[in-house]
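Got your viewer open? Load the model, switch to cartoon view, and let's take a walk through it.

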Amino acid sequence: MNILVLSGSPRRSGNTEIMANAFAEAAREKGHEVHVVYASKKRPNPCLACGYCREHDGECIQQDDMQSIYPLLDEADLVVFASPVYYFNLSAQIKIMLDRFYAKGEVGFHPTQAILLLDSHSPDVFTGAIAAYKDTLNYLKWEDRGIITIDGMTDKGTMADDPRLEQVRELAGSL
């Protein structure tokens, strides 16, 4: 299986990135091809809603970092959205990438499955992000393969020592 992991934290080597890397490592150990895109290293622009993609077979008019993500999306069977929850929803970095999926709306998507990995300092803040994810999957007719939420991420790197990280590895290993 070809897996695209979109790690949506602007912070390098932080908790979301640790979670995304643990998933990727466990999936690779099972023989899957995994590509991880780090929001901390990419700068896609927001969708312009210009309609260019609708008239040009899914090609976006913007020549930015999303151009390196589209080919990975086109080859993926499964997309993993890994995001911190700062204020009750997916990070702005994930949301920008997801909004730019719009360009592929008319031509369709190769992926048919997705996974959501969320972390936050606070408990009980995941409802909005989960709802956005489920609505997206419902619209795209993609299968949900799992949702993991981990709270208590108080400091950068806290995730590395959290026993719940094993749930992430187990989910990846179950594919």
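This tour goes from the sheet to its helices, then to some charged pairs and two cysteines.

Before you click anything, keep in mind that this is a predicted model.

**Stop 1: the sheet.** Strands in a sheet are held to one another by backbone hydrogen bonds, in a parallel or antiparallel way. Here you'll find an open sheet of five strands, with parallel pairing and the order β2-β1-β3-β4-β5. Which strands stand at the edges? Select 33-38 and 143-150: these are β2 and β5, and each has a single partner strand, so one side of each has no neighbour in the sheet. On average, neighbouring strands are turned by 15 degrees against each other, ignoring direction.

Now zoom in on residues 113-119, which make up β4; six bridges join this strand to β5, and the two run parallel. One pair to click is Q113 with its bridge partner in β5, E143.

**Stop 2: helices on the sheet.** Select 92-100 to light up helix α4, which packs on the sheet and touches β1 (2-7), β2 and β3 (78-84). The direction of α4 makes about 150 degrees with that of β3. Next, pick 165-173: this is helix α6, lying across β4 and β5 and running at about 165 degrees to β5.

**Stop 3: charged pairs.** How many salt bridges does the model have? The count is seven, so let's visit a few of them.

- Show the side chains of R100 and D64, which meet in a salt bridge at 2.7 Å, N to O. R100 sits in helix α4 and D64 in the loop between α2 and α3 (66-75), so the pair ties together parts 36 residues apart in sequence. R100 is buried, at 1% relative accessibility, and D64 is buried too, at 13%.
- Move on to E106 and R54, whose closest N and O atoms are 3.4 Å apart. E106 is in the loop between α4 and β4, while R54 is in helix α2 (residues 52-55), 52 residues apart. E106 is exposed, whereas R54 is partly exposed.
- Finish with R164 and D151, another salt bridge, at 2.8 Å. Both lie in the loop between β5 and α6. Add D162 to your selection: shared partners join D151, D162 and R164 into one network.

**Stop 4: two cysteines.** Select C50 and C53. Why is there no disulfide between C50 and C53? The sulfur of C50 is 6.4 Å from the one in C53, its closest cysteine sulfur, and that is too far for a bond. C50 is partly exposed, at 48%, but C53 is buried, at 8%. The disulfide count is zero.

Notes
Residues numbered from 1 in each chain as written. Predicted model: local features only at pLDDT ≥ 70, side-chain atom pairs only at ≥ 80, totals over all residues. Heavy atoms only, no water. Disulfide = S-S within 2.5 Å. Buried < 20%, exposed > 50% of the residue type's maximum accessible area, 1.4 Å probe, protein only. Pairing = 2+ DSSP bridges. Helix = DSSP H or I, 4+ residues; strand = E, 2+ residues; numbered from the N terminus. Axes fitted to C-alpha atoms, helices over the stretch in contact; angles between N-to-C directions. Contact = heavy atoms within 4.5 Å. Salt bridge = Lys/Arg side-chain N within 4 Å of Asp/Glu carboxyl O.
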